[in-house]
Amino acid sequence: MAYDETDELPDREKAKEFYQKYEPKDVLGKGISSVVRRCVEKSTGKEYAVKIVEYSGPELKEATLREIEIMRLIGGHPNIIDIHDTFESDSFVFIVMELCPNGELFDYLTKVVRLSEKKTRLMMRNILEAVLWLHKRNIVHRDLKPENILLDKDMNIKISDFGFAVQLEPEQTLSDLCGTPGYLAPETLVCSMYEGANGYGMEVDMWACGVILFTLLSGSPPFWHRRQVIMLRMIMEGNYTFSSPEWDDISENAKDLIRNLLVVDASKRYTAQQALDHPFFARDTQGEKTFYPRKTFKVYIIATMVIQRLKTLKNKPQSIRVVDLIENPYRFKTYRKIIDTAAFSIYGHWVKRGEQQNRAALFEIEPKCDLKSIHCSRIEVN
Ligand code: ATP
């Protein structure tokens with residue numbers, strides 16, 4: 001996506017501290033009240049991303065400071081965006097964080113449409129490990145979606161945008177409606193519809209993981225209808241299908257994991273740890289880490305035999321079929337030599353050089369056509 005480069009930067013006078021340490025560069029993306037730019041740390045030459053939020057009121061300031069606090073609490077996980085530095089002025093806040101030059105998972109998905117099971121497994125494992133890290137600290141993200149999952153230079157996933165994240169007190173539940181419609185859990189919708197509903201907790205992130213997993217594998221979301229009311233009803237009922245043909249070649253393990261994540265009853269929904277323990281993730285671990293000595297030995301033997309065979313192939317005599325031998329003996333190397341030697345000894349030089357060369361004619365059993373016709377005319381004359 002191209003962004004307007006004329007986007008004004010905050011006044012240098014108003015944010016001296018930031019400008020002393022960093023050189024702002026091109027715009028990477030925009031939020032409702034923020035602009036994210038690439039920036040270079042002057043002392044190290046290292047590149048970072050800086051989210052510049054302009055305070056339009058005290059509420060936004062409070063929310064931004066809360067976001068920074070959460071980001072500091074959860075730092076240190078390889079799949080969560082790391083905060084590097086922060087600066088605050090009267091009207092702006094600068095959040096310097098690690099740079100994800102490959103943008104959003106959403107844009108990547110738009111390009112490739114769907115991912116293979118192997119790639120999905122890799123990405124989903126990282127997403128779930130990051131979610132487990134958050135949940136162990138009683139933090140609920142509340143807006144997990146491919147737009148908030150960024151890709152670093154090596155295509156590793158990094159969960160970002162902690163604008164809606166909250167650290168829960170023991171036994172605390174939430175009831176406010178926030179997130180993105182297609183990823184909202186049924187219990188979030190129930191809270192917004194019925195007074196006195198039970199509230200929701202960290203399970204909403206696991207529902208969102210189910211929606212993400214479904215979308216990565218099939219290229220389309222599980223709950224979608226052009227009329228949002230119908231889509232929300234589908235979510236509340238957990239009404240989705242593994243339709244044909246997109247799901248025909250997707251493993252039962254993947255489907256089973258989705259079935260355990262997209263569970264309307266939040267208390268029966270898989271936790272991040274349960275999801276990571278699901279057999280869907282076991283296959284890759286076996287492939288990557290387990291060593292099978294017998295199998296490996298067999299593969300080595302076969303590979304050596306193939307290489308040996310290829311090496312000796314050019315020295316081995318060709319197998320000869322009698323039919324081919326009669327039709328064209330000159331094709332075969334051994335006979336070619338005999339024919340050439342015979343031709344040379346008869347004519348004292350090589351005969352019929354050039355494209356039409358056919359020394360095999362010496363051995364032709366049938367008489368040539370022109371000889372045949374002379375022979376026939378002679379018979380007629382006689
Ligand atoms: P909103 O303010 O509406 O919640 P948002 O929080 O989704 O918006 P930001 O976090 O401000 O948006 O980010 C805006 C865009 O900037 C992102 O969608 C992403 O494309 C880009 N972006 C954010 N952080 C980084 C980063 N660390 N590296 C690279 N690009 C980033």
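Domain bounds here come from an automatic or database domain assignment, and the model shown is a predicted one.

**View 1. The largest pocket sits between two domains.** Domain 1 (12–98) and domain 2 (105–281) each hand residues to the lining of the largest pocket, so the pocket lies between them. There's about 1400 Å³ of space in there. Zoom in on the middle and, out of 43 lining residues, you'll find Lys30, Gly31, Lys51, Asn148 and Asp161 closest to the centre.

**View 2. Strands and helices that line the largest pocket.** The elements giving two or more residues to the lining are strands S1 (22–30), S2 (34–41), S3 (47–54) and S7 (149–151), along with helices H2 (58–74) and H3 (105–112). H2 chips in the largest share, with 6 residues. As for chemistry, the lining splits into 20 nonpolar, 10 polar and 13 charged residues.

**View 3. Helix H7 and its buried side.** In H7 (residues 228–237), the buried residues are Met231, Leu232, Met234 and Ile235. They span an arc of only 155° around the axis, which puts them on the same side of H7. Helix H5 (186–193) and helix H6 (203–218) are among what covers these buried residues.

**View 4. The other face of H7, and what comes just after the helix.** Turned away from the buried side is a face carrying the exposed residues Val229, Arg233 and Glu237. Follow the chain just past H7 and you reach Gly238, which takes a positive phi of about 60°.

Terms used: Residues numbered from 1 in each chain as written. Predicted model: local features only at pLDDT ≥ 70, side-chain atom pairs only at ≥ 80, totals over all residues. Heavy atoms only, no water. 1 Å grid on protein atoms, 1.4 Å probe; cavity = no way out; pocket = protein on both sides within 12 Å on 5 of 7 lines; lining within 4 Å. Points joined across faces, edges and corners; volume = space filled by probe spheres on them. Helix = DSSP H or I, 4+ residues; strand = E, 2+ residues; numbered from the N terminus. Nonpolar A, V, L, I, M, F, W, Y, C, P; charged D, E, K, R; others polar. Buried < 20%, exposed > 50% of the residue type's maximum accessible area, 1.4 Å probe, protein only. Arc of directions from axis to C-beta. Contact = heavy atoms within 4.5 Å.
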